[in-house]
Amino acid sequence: MIPEIGHFALILALCVAVMQGSLPIYGAAVGNSALMAVAKPAARAQFLLVLIAFCCLGYAFAEKDFSVLYVAATSNSQLPLHYRLAAIWGAHEGSLLLWTFILTLWMFAVTLFSAHLPETTRSRILGVMGLVSVGFLLFMLTVSNPFERLIPAAPEGRDLNPLLQDPGMVIHPPMLYMGYVGFSVAFAFAIAALLGGNLDAAWARWSRPWTTVAWCFLTIGIALGSGWAYYELGWGGWWFWDPVENASFMPWLAGTALVHSLAVTDKRGGFKVWTVLLAIMAFSLSLLGTFLVRSGVLTSVHAFATDPKRGLFILAFLAIVIGGSLALYAWRAPKVGLGGSFAMLSREGMLLANNVLLVAAMGSVLLGTLYPLFLDALDLGKISVGPPYFDSVFVPLMVPALFLMGIGPLAQWKKASVPDLAKRLKWAFGVSVVSALTLPIVLGSWTPLLSLGLLLAIWIMTTSAIGLRERLAHVNGNSLVERLASVPRSYWGMLVAHCGIAVFIVGVTMVKGFETEKDVRMNVGETASIGDYLFRFDGAQDVVGPNYTAVQGTFSVSRDGRDTTVLYPEKRRYPAQNQVMTEAAIDPGLLRDLYVSLGEPLDDGAWSVRLYHKPFIDWIWGGCFIMALGGALAISDRRYRLAWRRQEQAVPVPTRAARRKVA
Amino acid sequence: MKMKWVMLIILCVSGPAWAGEARPLADDPVAEARLKHLAVELRCLVCQNQTLADSNAPLAEDLRREVRDMIAKDMSDQEIIEFLVSRYGDFVLYRPPLKATTTLLWVGPFALLTIGAAALVITLRRRAHTVVDVVVTDEEHRKVEQLLAEGGKRS
């Protein structure tokens, strides 16, 4: 019964979404405020309905209702409750439900925080989001229904892939989807502006915080996924240029470009046409990413063809959304004004150059991800595009972007002068070059890439410091603390986010340059050393988990005779799918991670063991979180808070009541 | 990258084998280092998307043994890769070879950058001629503020 309620709620949600996607947009076009007023209640109703559906699916998982096909396919009675709930998004159908749910959540947020928008704009935004939602609901209801029954019910579920039975599964997909879907708001703003033909600076001001929030979620989501791969997959890598990762990285690159482009549109009125295009691009890539990951096309082009209905729907939906918005863009964009003029060498110019680099980098990731699929589909042979390709293409594109990142924030709007910039930047440049050349030697090994990485990181740090110093000189306040406090939060946000990039680069560079690993055969009592650390194998014993059995090794780690930690890596066997998983044990640290994973049991109680010493690896994720923190700081800026507050003042109670009467 | 292997070798070779020192898994650490160097660029043929170095699949183990044998036979990296490609096709390589069908793949990113940069320069040049200066003014900023303040009343 409960699954049917969920199913029914989805059908109702579709009806509401159709209303929401048509009436308000039409109303905005003809200036009918009664039709426009449908948008808000419809969005809220849709949120409620999809929430009900989501809870129903959750209930089916919690109650182990194996008469629901999806539940039987992705969970098992032995699976702990939190993983059963996370299994909602463990496969295709449920992921789509999560996607739709988050879309309606963003819609709901838009209805809450849009009182300061003109009614036409708001109804168009909600209308566009409603249309996107129509696509997803229709997809679920026609070809991938999570509530489909399995009659007779299965006696036992097939279980969630053991790889996914991890706290990472609970938090990573929702975060990632918050980011993906969050770009739908920026997209809806852009389409609404195109429809209305009013791409003014106010439009940029409004869509900026939404875009930044989505970008923060996406950043955190990607970082969580990378960290999860690091500790779960058991071979210590943190980024594999896997198509699934690329699918999340492409919207991030486009979103990063969008965040910067919006800044220019907001402050200087320029780049409007480009910003709109980026907003369309970021969301289209999010859609593409979702479908790439969830359609099975990545495993093989032929998996796509085994279920042609799904494949066709996806292609048609992508074509309508991307093609439709690009057509609208082509039709409307030329009418948009140009904005202020600026020289090639100016802050605008550099931001634009950075955008070009980011988009080129995004394009190369897209090319590398889709190329094998196209070749295969056209029967031109099977190839693999992997890390060696991406490293050699991506790095050269990002290096100039990172270098420009140091200069851009210091350059003047409209027109910057080279001698002036050179004068202000010479110290930063000198310090960066000298330390980048000497640091690796001090650390014990010099390679060009090591130096380059450190150069970029230090360059970004030092130029940020110079920027802050100059800024402090220009604000009022007697004490340093006072002056620090009067620097606007959006500026802090930018500084923090840029420093996050620097921290990230340090992590990547140091791990690539100095990590060491060792494959050894260890008997009980034997030792192996890596880094400055001595690992002693103290034996292995059997342990029993809720839905697995495992062999757990014990490793005592010491450094210079002092005990550091004890690590317990595991080799788990999950009987439901008869799969063996390697659970690495990690001792994380600010300056290094120690990583042990158990290989195979050898004769007479010995094990093959893989040991890693990974300097600075946590800086990689630390950097990502710092970036997201920067984004959070930026949206907490006074300008936005003032806007909210003013919104409350601007809508006194009697007006609200009156409006309700009108509606 | 190279440093990593050198250090690995040093770690493996040096270090007097005092009682209880674990033995390296491989009999010949130098050959093993070469194997790893090759294996990170090779694909495990039966896995979802894993390098030969990372995979634990039995077939990957077989393939690694094959590569080890070839190293023992003193074949060069080039010869080993050629042999593997002749047997399994380009699919085994994570760095796709440059040939007619992959030209776009290798040239694409840089072509994209060149086109982007050219478009940027041309657009800015053209703009410089057409745009009358001071289009975004304080006036517009005021308008934004006004819109933000009045939005509530207008809706």
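Asp90(B) is partly exposed, with 19 other C-beta atoms within 10 Å. The cut-off for a buried residue is 20 or more such atoms, and for an exposed residue 12 or fewer, so a count of 19 falls in between. The model described here is a predicted one.

## Two single residues

Asp90(B) sits in the loop between α4 (77–88) and α5 (103–130) of chain B. Which residues is Asp90(B) in contact with, leaving aside its neighbours within four places in sequence? Two of them belong to the other chain, Gly381(A) and Ile383(A), and chain B itself supplies Val85(B), Pro96(B) and Pro97(B). Gly20(B) stands 70 residues from Asp90(B) in sequence, and the C-alpha atoms of the two are 44 Å apart in space.

Leu81(A) gives another case. This residue belongs to helix α5 (residues 81–86) of chain A. Is Leu81(A) buried or exposed? Leu81(A) has 11 other C-beta atoms within 10 Å, and it is therefore exposed. Between Leu81(A) and Leu370(A) there are 37 Å from C-alpha to C-alpha, while along the chain they are 289 residues apart.

## The two chains

Chain A contains 22 helices and 10 strands. Its radius of gyration is 27 Å, and the globule rule gives 26 Å for 663 residues; the two values are close, so chain A is as compact as a globular protein of that length. Along the principal axes, the C-alpha atoms of chain A fill a box of roughly 85 × 75 × 55 Å.

Chain B has six helices and one strand. Read from the N terminus, its elements follow the order α-β-α-α-α-α-α.

Burial and contacts can be set out for each chain. Of the 663 residues in chain A, 55% are buried. In chain B, which has 155 residues, 25% count as buried. Among contacts with a separation of 6 or more, residues 24 or more positions apart account for 74% in chain A. For chain B the corresponding share is 41%.

## Domains of chain A

Chain A is divided into domain 1 (1–165) and domain 2 (516–616). The C-alpha centres of these two domains of chain A are 43 Å apart. How many residues of domain 1 of chain A are in contact with domain 2 of chain A? Seven residues of domain 1 touch seven residues of domain 2. On the domain 1 side of this contact, four residues are nonpolar, two are polar and one is charged.

## A helix inside chain A

Helix α10 (residues 243–268) of chain A has 26 residues. From its first C-alpha to its last, α10(A) reaches 37 Å, close to the 38 Å expected at 1.5 Å a residue. Why can α10(A) be called largely enclosed by the rest of the structure? The reason is that 24 of its 26 residues are buried. After α10(A) comes Gly269(A), which has a positive phi near 75°.

## Strands and sheets

Strands of a sheet pair through backbone hydrogen bonds, either parallel or antiparallel. An open sheet with antiparallel pairing has five strands, in the order β8(A)-β9(A)-β10(A)-β1(A)-β1(B). At its edges are β8 (585–587) of chain A and β1 (23–24) of chain B; each has a single partner strand, so one side of each is left without a neighbour in the sheet. The partner of β1(B) is strand β1 (residues 516–522) of chain A, and two bridges join this antiparallel pair. In that pairing, Val520(A) has Pro24(B) as its bridge partner.

Two hairpins can be described in chain A. One is made by β2(A) and β3(A), with two residues between them, and Gly531(A) in its turn has a positive phi of about 60°. The other is made by β6(A) and β7(A), with four residues between the strands, and there Asn578(A) takes a positive phi near 45°.

The table lists the strand pairs of these hairpins.

| First strand | Second strand | Sense | Bridges |
|---|---|---|---|
| β2(A) | β3(A), residues 533–544 | antiparallel | four bridges |
| β6(A), residues 570–574 | β7(A), residues 579–583 | antiparallel | five bridges |

Within the pair of β2(A) and β3(A), Thr527(A) is bridged to Arg536(A). Thr527(A) and Ser529(A) form the uncovered face of strand β2 (residues 527–530) of chain A, while Ala528(A) and Ile530(A) form the covered face. In the other hairpin, Glu570(A) has Glu583(A) of β7(A) as its bridge partner.

How values were computed: Residues numbered from 1 in each chain as written. Chains lettered and ligands numbered in written order. Predicted model: local features only at pLDDT ≥ 70, side-chain atom pairs only at ≥ 80, totals over all residues. Pairing = 2+ DSSP bridges. Domains from an automatic or database assignment. Contact = placed C-beta atoms within 7 Å. Nonpolar A, V, L, I, M, F, W, Y, C, P; charged D, E, K, R; others polar. Rg over C-alpha atoms; globule rule 2.2 N^0.38 Å. Buried ≥ 20, exposed ≤ 12 C-beta atoms within 10 Å, placed from the backbone. Expected span 1.5 Å × (residues − 1).
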